[in-house]
Amino acid sequence: MSALEFSTCDFCDAHKSDESGRLRWLPAGLKSYGGLSRFAGPVRTVKCFEDNSLVKAAVESSGEGRVLVVDGAGSLRRALLGGQLAMAAAHHGWAGLLIHGCVRDLAELAQAQVGILALGHVPMPTDRKGQGQAEVAVQIQGVHIRPGDWLYADADGVVLCDQPLHAR
C-alpha cells in the first residue's frame with residue numbers, strides 16, 4: 001500500500017474514542033490550491049506575519065517529503081506563498097504546505113506538484129524583512145502543531161498526530 005493511500009476520515013473513525021489528544025484535526029476553512037490534493041509527512045514550522053523570508057528559506061532547502069506548516073496569524077492582507085516558491089517547494093521535495101494565511105499566483109500553484117492548503121488568496125506579496133521564527137510550536141485554528149508531528153491532508157480535511165498513522 002502506498003504511503004498516500006489514506007483517508008483522514010478513516011483515521012478519525014479509528015481514533016474517535018481516543019481521548020489522549022494525540023490525534024488532532026483542523027476545523028474547516030482551508031482551501032486547496034496545489035497540484036496535489038492529498039499529501040502527508042512530518043511537520044516543519046514557520047511562524048511569521050506578512051513576511052515570507054523564512055518560508056522562502058524553507059522551500060529552497062531539501063524538503064525530504066515533509067510538510068511546511070506556516071502560521072501567518074491568519075492574515076488575509078499579504079500572500080505568504082506564490083508560484084515561484086511553490087515550484088521551489090515541489091523541486092526540493094516538499095510533500096505539502098499548509099498556510100494559515102494567503103497565497104497568490106493561483107494558476108502557477110495549481111501546476112506545482114505539491115499540496116498547498118491556505119485560508120485564501122490575495123495578489124499582494126509580502127515584504128521580506130527577515131522576521132519570524134522557524135521550528136517552533138504553533139497554534140492554527142486553536143490546534144497545537146509541533147515540529148515533528150505528522151500531518152495528513154486530503155479532500156476531507158487535515159489530521160495531525162505525534163507519530164505516523166497507518167492506513168487500514
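The following exchange concerns the pocket, cores and salt bridges of a predicted model.

Biologist: On what basis are residues numbered and features accepted?
Modeller: Residues are numbered from 1 along each chain as its sequence is written. Because the model is predicted, local features need pLDDT of at least 70, and side-chain atom pairs count only at pLDDT 80 or more.

Biologist: Which residues lie nearest the centre of the largest pocket?
Modeller: On a 1 Å grid over the protein atoms alone, a pocket is an open set of points where a 1.4 Å probe fits, with protein on both sides within 12 Å along at least five of seven lines; lining residues have an atom within 4 Å of a point. The lining of the largest pocket has 21 residues, and helix H1 (8-15) and strand E11 (150-154) are among the elements that give two or more of them. Nearest the centre are Asp154, Ala155, Asp156, Gly157 and Val158.

Biologist: Which helix supplies the largest share of the largest nonpolar core?
Modeller: A nonpolar core is a set of buried Ala, Val, Leu, Ile, Met, Phe, Trp, Tyr and Cys residues joined through side-chain atoms within 4.5 Å, where buried means under 20% relative accessible area, exposed over 50%, and partly exposed in between (1.4 Å probe, protein chains only). The largest core has 23 residues, and Leu68, Leu81, Leu97 and Ile116 touch the most other members. Elements supplying at least two residues include helix H2 (53-59), strand E4 (67-71) and helix H3 (83-91). The largest share, 4 residues, comes from H3.

Biologist: How many residues form the second, separate core?
Modeller: This core includes Leu26, Val43, Leu117 and Ile140. Its residue count is 16.

Biologist: How many residues apart are Arg24 and Asp149, which form a salt bridge?
Modeller: A salt bridge is a side-chain nitrogen of Lys or Arg within 4 Å of a carboxyl oxygen of Asp or Glu; in this pair the closest N and O atoms are 2.4 Å apart. Arg24 is in strand E1 (residues 24-25), whereas Asp149 is in the loop between strand E10 (143-145) and E11. Both residues are buried. Along the chain they are 125 residues apart.

Biologist: Is Glu135, which pairs with Arg44, buried or partly exposed?
Modeller: The salt bridge of Glu135 with Arg44 has its closest N and O atoms 2.9 Å apart. Glu135 has a relative accessible area of 37%, and therefore counts as partly exposed.

Note on methods
Heavy atoms only, no water.
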